[in-house]
Every structure is written in structure tokens, then in C-alpha cells.
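Student: Got a minute to walk me through this model? I'd like to know what sits where before I go back to the bench.

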Amino acid sequence: MRPAWIEIDLTAIADNVHRVLSVLGHQRKLLAVVKDDAYGHGAAVIAQVAHSCGAHMLAVAFVEEAVELQPACPEAEILILTPVPADAIETAVSCGFHVSLADRAGPGLLSAAAVRQGRAAKVHIKVDTGMHRLGVPAAQVGEYCSRLKLLPGLEIRGIFTHFASSSDDPQFTTEQFECFQQACRDADAALGYSIPLKHCANSGATVRYPEMWMDAVRPGALLYGIPRNRGGVYMPTMQQALTVKAKIASLKEVPVGETVGYGRTWRAARDSHIALLPIGYGDGYDRLLSNNADVLLRGRRVPVVGAVAMDSTTIDVTGVGDVRVGEEVVLIGDQGGESVTVAELAERCQTIVHEVAVRLDRRLPRVYTCQPGDERVEGLISAEGSVASSAPA
Ligand SMILES: Cc1ncc(COP(=O)(O)O)c(C=O)c1O
């Protein structure tokens, strides 16, 4: 195996799912967001863990993702969060996916496909409450539902909205929520019944606003444990499931005054020992981390020095002791008592945790791990740490 890889702790994922469910109680459900290959964790296996641990439904962005996921998790209900293009509607209906309705054209096409196939099309109405990206404008939801009611073959299973700033703008989030509640009342009144699954809470809202949990929450990042730990709010602390590791590929002595790497952005202030890690921005370890991150070696932080290259990263191991080629370094994750979180790297790159996770490239092998004896997940993992099912490696 390539000496740079991602380890994904399925026990952590299962624990995170259980933690969320235990706080939600029996009344509310969990829609686990597993789009973009489960934020880089591997959608097939994460979906299986989430589903078997009690997630009510899985959510992906695109119909193609749903089609790929279904064989790994055939029992699970799958929601497609963005509208399905016209040429994929037959597939979406025949596969039994839950489809988002966000525009004027979608309902008629879905209804026609449902009638043709003689089966119901399961739909969720996506409401625009202020993100202004996608969705039926909140003020038009009543009228939209009156039209839906006339179309045969549609089973309205859900209604949802998405928050623009749930982690950092309580006022706008509250305004969006109130707008959504009104849209839900309008929808129910127009349909003459209560839509069963009303959902709006992404991770930010799940953690902060229990009043917004409604019938179901819809987190992604939280389940992977990647937001900055905020235990003690309304959710317990989650555990980051993802670790990125590499083995030292070579060592070099760099005399004082010499520079390292492209652009000569780092100069040795003393005679230095520099180690090369076989992982770079081509693997999703961002160039913005050049001279701007620590990695963990022997349980302590050592700095990234010089520019992160496409296939390699250099670290300063001066003073660590007799460092050897082949030693394991943690770029993201825990080692000894130290830890480098996804959130830390996101801050250093001035981005969000989601981007740090999903940019980890597929050329990094994924190795699945679990706590010994964890019956919830160990059957999913082969002895080598690959997935024991049809999931992509
Ligand atoms: C519609 C929708 N719902 C839920 C989520 C989950 O968001 P988060 O990962 O912040 O919980 C996303 C992610 O972007 C989304 O687009």
C-alpha cells in the first residue's frame, strides 16, 4: 500500500450516530448526509454504518450518487437533495428515491414518470427561505402545493429548507426558521394534511437549536466529527473519524542558511533535519499549509517547512531525536496526547471543515478501522482494513 493513507474509524462514526440519536429521542429522526462520498469517508460504508445504527434516511446531492449508493445499502431510503434532471427522472422514480422539488417543471415530469411506471414518486419540497440558491420561494409554497395536489402519482413525504449561516448568525437563522414554519403551515393547509417529515437542521442548527430539530435533523459534518468540538451545547462532543497518515520517505540534513522546496520559501535558521512525507496537494493536503501547519511525530507537533508540493511535504524534525525512514507521521488526527483536527487545518486554510475533508484525494488509500469487538461495524471491514462489501476501496 502507498505509504500515505486515510484511516477511517467506523466505531467513531457509529458512536457519533448513536450520540445524535440518543439526544434526539424517539420522536425525531436522523437524515444522514453522505453526499460527496460521505465527505470523503466513503459513502458506501458510511451509509451502511449510519443506516444500521438507526439513521432514518440517507441524503446525497445527485441522482448519480444515489444510484451508486443503493447497491451497498439497498434497504435504506435515499433522498436526493437537488432537483433531478429531466433525463434521470425515470431512474429516480424506478429506484424509489426521494426526490427534491424546487421548481415549476419538476412536479409534472415526476408525476408523468410515476404514472408511466405505475408507482408513486416520493417527493420532498425544497423551500427557499433566504439562501436564494435553490427552492420554491417560501411565499409561493401554498400555491405550489395546491398544484401538486392535482398531479397523480406524487407522494409528498417531506418539506425542507437549508440554512445559510446556522453556525454564526442566530438572527438570520431564526428568521429563516420562522419563514420555513410559515411555509410548512401553508403547505399543510393547501394539501389538507400534515407533511410527515419537516426538516431543516444541518450540523450547525442540530448542535445549536433544538427547537429547529422538527421531525428530523439533516447533518453531515457532525456525523464525521469534523466541526470544531462543541460539546456541552445541545449535542455531546463528537469524535473525528478521519486520520491522515504518511510514513517518512527520506531524510536530509540541511545546513544553516540553505532553503527547502519550491519557491525557496523556508530557510534553515540552524543546521536542520528535514523529513520528506510522500503526500502533497495532489492528495488534498492544501498548499496553503506550506510553512503553516504542524504534523505529529512521536506524539509531538513538528512544523511543515517549505512549500507543500504535489506529491510531497517537508517537515522539520530537528531535535526530535534519531528519526528514521518509515516512521509514521499523522497529518490529521491524534497521536500520543496531541491532535491536529480537520477544524484546525480549515482555519489555517481559511476555509470550512467540509472542504478540507472532501478535498482529500481518492489516490490516498482508505483503511477502515474499528475498536476490537465492535459488532456494529467489524463485519464491514476485511482484515486489511478495506471494505468487505461492494463499496469502493
Ligand atoms: C441541503 C443540505 N442539507 C444538509 C447538509 C449538511 O450540512 P452539514 O454538513 O453542515 O451538516 C448540506 C451540506 O451542505 C446540504 O446541502
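Tutor: Sure, here is a quick tour of domains, core, strands and a few single residues. This is a predicted model, so local features need pLDDT of at least 70, side-chain atom pairs count only at pLDDT 80 or more, and totals for chains, interfaces and linings use all residues. Residues are numbered from 1 along each chain as its sequence is written, and side-chain values use heavy atoms, with hydrogens and water left out.

Student: OK, how is the protein chain divided into domains?

Tutor: Into domain 1 (10-223) and domain 2 (242-340), with bounds that come from an automatic or database domain assignment. Their C-alpha centres lie 42 Å apart.

Student: Which residues touch the most other members in the largest nonpolar core?

Tutor: Leu-10, Leu-58 and Ile-125, out of 132 residues in that core. A nonpolar core here is a set of buried Ala, Val, Leu, Ile, Met, Phe, Trp, Tyr and Cys residues joined through side-chain atoms within 4.5 Å. Buried means under 20% relative accessible area, exposed over 50%, and partly exposed in between, using a 1.4 Å probe and protein chains only.

Student: And which helix gives the most to this core?

Tutor: Helix H1 (residues 10-24), with eight residues. Helices (H or I, at least four residues) and strands (E, at least two) are DSSP runs, numbered from the N terminus. Domain 1 and domain 2 each supply at least three residues to this core.

Student: How many residues are in the other core?

Tutor: Six, and that core lies apart from the largest one. Val-254, Val-260, Ala-268 and Ile-274 are among its members.

Student: Back to Ile-125. What does Ile-125 touch?

Tutor: Skipping residues up to four places away in sequence, Ile-125 touches Leu-101, Val-136, Tyr-144, Cys-145, Leu-148, Ile-156, Gly-158, Ile-159, Phe-160 and Ile-195. Contact means heavy atoms within 4.5 Å.

Student: Switching to strands: which way do the side chains of E5 point?

Tutor: In strand E5 (residues 98-101), His-98 and Ser-100 point one way and Val-99 and Leu-101 the other, and all are buried. That kind of alternation between the two faces of the sheet is what a regular strand does.

Student: Parallel or antiparallel, how does E5 pair with E4?

Tutor: Parallel, over two bridges, with E4 covering residues 77-80. Two strands pair if DSSP finds at least two bridges between them. Leu-79 stands opposite His-98 here. The chain gets from E4 to E5 through helix H5 (residues 89-94), in a right-handed β-α-β crossover. Right-handed means that, with the strands pointing away from the viewer, the path from the first strand over the helix to the second runs clockwise.

Student: What about E5 and E6?

Tutor: E5 and E6 (residues 121-128) pair in the parallel sense over four bridges, and His-98 stands opposite Lys-122. Helix H6 (residues 105-117) carries the chain across from E5 to E6, and this crossover is right-handed.

Student: Now E12 and E15, parallel or antiparallel?

Tutor: Antiparallel: five bridges join E12 (residues 250-254) to E15 (residues 272-277), and Val-254 stands opposite Ser-272. E15 is also joined to E18 (residues 313-316) by four bridges, again antiparallel, with Leu-277 opposite Thr-313.

Student: How many aromatic pairs are there?

Tutor: One. The rule is that rings of Phe, Tyr and Trp (its six-membered ring) pair if their centres lie within 6.5 Å; planes under 30 degrees apart count as stacked, over 60 as edge-to-face and the rest as tilted. The rings of Tyr-39 and Tyr-224 have centres 4.9 Å apart and planes at 35 degrees, so this pair is tilted. Tyr-39 lies in helix H2 (residues 35-40) and Tyr-224 in helix H10 (residues 221-224), so the pair ties together parts 185 residues apart in sequence. Tyr-39 and Tyr-224 are both buried.

Student: Last one: what's odd about the phi of Asp-37?

Tutor: Asp-37 has a positive phi of about 55 degrees although it is not a glycine. Most residues other than glycine have a negative phi. Asp-37 is in H2 and counts as buried at 18% relative accessibility. His-132 also has a positive phi of about 55 degrees without being a glycine, but His-132 is exposed, at 64% relative accessible area.
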